[in-house]
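Look at the fold as a whole before turning to its parts. The report below then moves from strands to helices to single residues.

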Amino acid sequence: MTGPVVVGIDGSSTCTSAAWWAAREAAVRQVPLHLVHSWTTQPHGMPGGMEAEGQRRYGQDVLRQTATELLHRYAGLRLTTEMVAAPAAQDLLDRSRDAELLVLGSRAPGSAAGFLLGSTARHVVGLTRCPAVVVRRDDPTVEVGRGPAGAADRDEIVVGVPEPGPAADAVLEFAFTTADARGDVVRAVTAVRRFPGAPDDGDLRAGLAAALAPWQVKFPGVGVVERVAAGPADQVLLTSCARSRLLVVGRRPHPSHVAWELRPTVHAAVRHAPCPVAVVPHG
């Protein structure tokens with residue numbers, strides 16, 4: 001049985017954007033959507049000192065209002081809600097064992113200090129068992145209450161393809177499955193690192209083509225664009241996804257299991273990408 005798309009909501013505009021993106025994704029994939037609210041984890045900026053009963057009432061209101069809005073937009077959506085006492089990050093991580101996808105909200109870039117994932121999102125992205133998608137509050141593909149905005153010319157899913165092997169298979173499976181459900185094109189990107197002894201462009205193009213071949217056979221209706229470009233992987237990916245609907249990157253397990261120690265490419269993607277970012281665990 002296919003697992004649900006799970007999104008944590010807290011009543012903030014950040015999580016509301018994530019919920020709208022998650023609802024559309026669940027509708028496209030034809031899987032259930034599950035809204036979760038942790039009444040013990042309050043959104044940033046909420047007045048302190050609220051008693052437990054008040055926090056629970058707030059959570060019930062958030063779940064009810066969000067569910068009503070989403071069902072109004074997606075009438076056939078299979079939607080369930082749940083309020084939990086566990087910390088939001090831990091509850092979402094527990095659900096990642098059975099979910100098809102977790103969707104998380106993130107604050108938009110603002111100050112000169114740049115973008116920072118919220119503590120819940122950072123923890124979940126670093127340790128989730130299933131793919132996690134980070135959606136910015138100001139994402140141009142999401143218009144709360146009216147569905148995707150400015151998405152008509154965003155028909156590509158960009159995927160960073162590492163060396164052939166389990167890592168490439170994990171991210172390509174997610175990218176092709178998502179593109180097939182949406183009718184999008186996959187733009188597969190490999191970065192060239194210039195140093196003595198590094199593979200030349202021809203070898204990299206051949207390796208990229210070989211990694212893509214089985215997925216093109218499995219998903220013959222998905223268009224594919226291949227790109228091999230020189231430069232650091234994070235910069236190559238960011239320039240490739242300027243007009244994309246989704247950026248897909250892989251995440252290796254960290255030996256210390258410290259969630260926020262994301263590798264530079266993943267960190268740069270969730271910090272700077274102008275579209276939602278799917279972080280796919282592998283290995």
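What follows describes the model from overall composition down to individual contacts.

This is a predicted model, in which local features need pLDDT of at least 70, side-chain atom pairs count only at pLDDT 80 or more, and totals for chains, interfaces and linings use all residues. Residues are numbered from 1 along each chain as its sequence is written, and side-chain values use heavy atoms, with hydrogens and water left out.

## Overall

The protein has eight helices and 10 strands. Helices (H or I, at least four residues) and strands (E, at least two) are DSSP runs, numbered from the N terminus. Of its 283 residues, 49% are buried. Buried means under 20% relative accessible area, exposed means over 50%, and partly exposed lies in between (1.4 Å probe, protein chains only). The exposed surface is about 13,200 Å², with 53% of it from carbon and sulfur atoms. Areas come from the Shrake-Rupley method with a 1.4 Å probe; for residues, only the protein chains shown count as cover.

Take the contacts between residues at least 6 apart in sequence: 78% of them join residues at least 24 apart. A contact means heavy atoms within 4.5 Å.

## Strands

Strand S5 covers residues 132–136, and five of its five residues are buried. Its side chains split by direction. Ala-132, Val-134 and Arg-136 point one way, Val-133 and Val-135 the other, and all are buried. S5 pairs with strand S4 (residues 101–106) in the parallel sense, over five bridges. Pairing requires at least two DSSP bridges between two strands. One bridge links Val-103 to Val-133 in S5. S5 also runs antiparallel to strand S10 (residues 277–281), joined by three bridges. Here Val-134 has Val-277 of S10 as its bridge partner.

Strand S2 is largely enclosed by the rest of the structure, because six of its six residues are buried. Leu-33, Leu-35 and His-37 point one way, whereas His-34, Val-36 and Ser-38 point the other, and all are buried. S2 pairs in the parallel sense with strand S1 (residues 5–8), over four bridges. In that pairing, Val-5 is bridged to Leu-33 of S2.

## Helices

How do the spans of two helices compare with expectation? The expected span is 1.5 Å times one less than the number of residues.

| Helix | Residues | Expected span | End C-alpha distance |
|---|---|---|---|
| H2 | 52–73 (22 residues) | 32 Å | 32 Å |
| H5 | 166–182 (17 residues) | 24 Å | 24 Å |

The values agree for H2, and they agree for H5.

Buried residues of H2 include Gly-59, Val-62, Leu-63, Thr-66, Ala-67 and Leu-70. An α-helix has 3.6 residues a turn, so residues three or four places apart point the same way. The buried residues of H2 pack against helix H1 (13–29), strand S2 (33–38) and strand S3 (79–84).

In H5, the buried residues include Ala-167, Val-171, Leu-172, Phe-174, Phe-176 and Arg-182. Gly-183 follows H5 with a positive phi, near 75°.

## Single residues

Gln-30 also has a positive phi, near 60°, in a residue other than glycine. Gln-30 lies in the loop between H1 and S2. Is Gln-30 buried or exposed? Gln-30 is exposed, with a relative accessible area of 64%.

Leu-101 belongs to strand S4. Its relative accessible area is 0%, so Leu-101 is buried. Among the residues that Leu-101 touches are Val-5, Trp-21, Arg-29, Val-133 and Phe-174. Leu-101 and Arg-129 are 28 residues apart in sequence, yet 9.4 Å apart in space, C-alpha to C-alpha.

Ser-96 sits in the loop between helix H3 (88–95) and S4. With a relative accessible area of 2%, Ser-96 is buried. Not counting residues up to four places away in sequence, Ser-96 touches Leu-102, Thr-128, Arg-129 and Cys-130. Ser-96 and Leu-127 are 31 residues apart in sequence and 9.3 Å apart in space, C-alpha to C-alpha.

## Charges over rings

Arg-56 lies over the face of Trp-39, 4.8 Å from the ring centre. The charged end of Arg-73 sits over the ring of Tyr-74, at 5.9 Å from its centre. The criterion is NZ of Lys or CZ of Arg within 6 Å of the ring centre and within 35 degrees of the ring normal.
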